[in-house]
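Student: I should like to learn how the features of a protein model are read from its coordinates. Could we take them one at a time?

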Amino acid sequence: MSRPTGRVLTLLELLQSGGTRTVAELAERLGVEGRTVRRYVDQLLDLDVPVESVRGRYGGYRLSPGYRLPPLMFGDDEALAVLLGLLAGRRSALTAAQRTANETASAKIRRVLPRHLAARLDALADALHFTERPGEPDTPDAAVLLSVADAALHRRPLSIRYTDRAGRRTERTLHAYGIVAHAGRWYVTGKDEGLGEDRTFRLDRITDPRVLPGSFVPPPDGPDPARRVLSGFASAAYEHEVVLRIHGTEEQIRARLPVSVAHVEEYDRAEADGAERWFRVEVHVERLDWLPGVLATLDRPFAVDRPEELREAVVALADRLTASARRV
């Protein structure tokens, strides 16, 4: 490709990024004079690319609003970033159609990469391994995802059919606050109008979403959708309800017991000792066996209010550690 042709394509890429570009700015980016920029614009017009001339103090050139270029133009770094995203996406629980789309999109972009960059990307793909294998596909249907997103964006009530983990199917009216991707799954959080309470739903369990007439106003304050989802995990019903008292800072507690695991509430500030104070920590879990180790690594004073089984498990762990420390 000759250098002038390469500059014409660079000019097209600059205009494709949006906005009005002045002649001086384009000349500087292309390393040419202003009259050469005008000649390059004429070449784009000859190719039926609708470049508009904007007059005035802040005038210059721009693409016609609403015009979509047939090809996407990526720089080396942009193409590599897209391919890395597609490569990382393969660890997700994709459906067969999504896996095929991932592979064909990767192949199309790879074909236009410079040879040296494509070779380096191949080396990365061969060397890259993940610690977790994807489970059964639980990604939502694209139509469901887009319908829920549209309802959340425009604050429209949404009718859905939902299948819970026990297999029960119900019809609900949802005021969706937002969509959250967490740990390989997609969730929507919002107000369930039938219950009058905030709820979180897995998108892969939603079918037949229908936007209803009217609109709603989301809560003016409170946590954002991501924090609502994580807090919902921490307060969900499980086999054991654990209540702890831990002395330290909230940051120290959250380092081992994040928002998705524990609800943390500060006791009376009047009892605070500097930056550290006592917190009430509530955790809902199916099993207790992992908690003693977490509390040990927390390395902060704590007390177990309930259940008694956890207190016994902590004592048993302490005895084992003491015996190991004294073993010659």
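Student: What percentage of the residues in the protein is buried?

Tutor: Please note at the outset that this is a predicted model. Of the 328 residues in the protein, 31% are buried. A residue counts as buried when its relative accessible area is under 20%. The accessible surface of the whole protein is about 20,800 Å², and carbon and sulfur atoms contribute 51% of it.

Student: How many helices and strands does the secondary structure comprise?

Tutor: The protein has 11 helices and 11 strands. As for how the chain meets itself, among contacts with a separation of 6 or more, 59% are between residues 24 or more positions apart.

Student: How is the packing of two helices described?

Tutor: Two quantities are used for packed helices: the angle between their axes and the distance between those axes. Here, helix H2 (residues 23–30) packs with helix H3 (residues 34–46) at about 90 degrees, and the axes lie 9 Å apart. The angle therefore makes H2 roughly perpendicular to H3.

Student: Which residues of H2 and H3 meet?

Tutor: From H2 come Val23, Leu26, Ala27 and Leu30, and from H3 come Gly34, Val37, Arg38 and Tyr40. By type, the residues of this contact divide into 6 nonpolar, 1 polar and 1 charged.

Student: Let us turn to single residues. Where does Gly59 lie, and what does it touch beyond its sequence neighbours?

Tutor: Gly59 is in the loop that runs between strand S1 (51–54) and strand S2 (60–63). Leaving aside neighbours within four places in sequence, Gly59 is in contact with Thr20, Arg21, Thr22 and Val54. For Thr22, the separation from Gly59 is 37 residues in sequence, yet 6.0 Å in space from C-alpha to C-alpha.

Student: Why is Gly59 classed as it is, buried or exposed?

Tutor: Gly59 has a relative accessible area of 13%, so it is buried.

Student: Which residues does Val294 touch, not counting those up to four places away in sequence?

Tutor: They are Arg256 and Leu257. Val294 belongs to helix H10 (residues 291–298), and its C-alpha atom is 6.6 Å from that of Arg256, a residue 38 places away along the chain. Val294 is buried too, because its relative accessible area is 17%.

Student: What joins the side chains of Arg277 and Glu266?

Tutor: A polar contact of 2.8 Å joins them. Arg277 is located in strand S10 (residues 277–285). With a relative accessible area of 15%, Arg277 is buried.

Student: What is the general expectation for phi and for peptide bonds?

Tutor: Most residues other than glycine have a negative phi, and most peptide bonds are trans. Two aspartates in this model depart from the first pattern: Asp48 has a positive phi, near 65 degrees, and Asp299 has a positive phi of about 55 degrees. Asp48 is in the loop between H3 and S1, while Asp299 is in the loop between H10 and S11. Asp48 has a relative accessible area of 64% and is therefore exposed; Asp299, with a relative accessible area of 64%, is exposed as well.

Student: Which residues are joined by a cis peptide bond?

Tutor: Arg306 and Pro307 are joined in this way, with omega at about 5 degrees. Pro307 is placed in the loop between strand S11 (302–306) and helix H11 (308–326).

Key:
Residues are numbered from 1 along each chain as its sequence is written. This is a predicted model: local features need pLDDT of at least 70, side-chain atom pairs count only at pLDDT 80 or more; totals for chains, interfaces and linings use all residues. Side-chain values use heavy atoms; hydrogens and water are left out. Helices (H or I, at least four residues) and strands (E, at least two) are DSSP runs, numbered from the N terminus. Buried means under 20% relative accessible area, exposed over 50%, partly exposed in between (1.4 Å probe, protein chains only). A polar contact is a pair of N or O atoms within 3.5 Å; within protein, one must be able to donate a hydrogen and the other to accept it, and residues adjacent in sequence count only if both atoms are side-chain atoms. Contact means heavy atoms within 4.5 Å. Accessible areas come from the Shrake-Rupley method with a 1.4 Å probe; for residues, only the protein chains shown count as cover. Axes are lines fitted to C-alpha atoms, for helices over the stretch in contact, and angles run from 0 to 180 degrees between N-to-C directions. Angles under 35 degrees count as roughly parallel, over 145 as roughly antiparallel, 65 to 115 as roughly perpendicular and the rest as oblique. Ala, Val, Leu, Ile, Met, Phe, Trp, Tyr, Cys and Pro count as nonpolar, Asp, Glu, Lys and Arg as charged, and the others, Gly among them, as polar.
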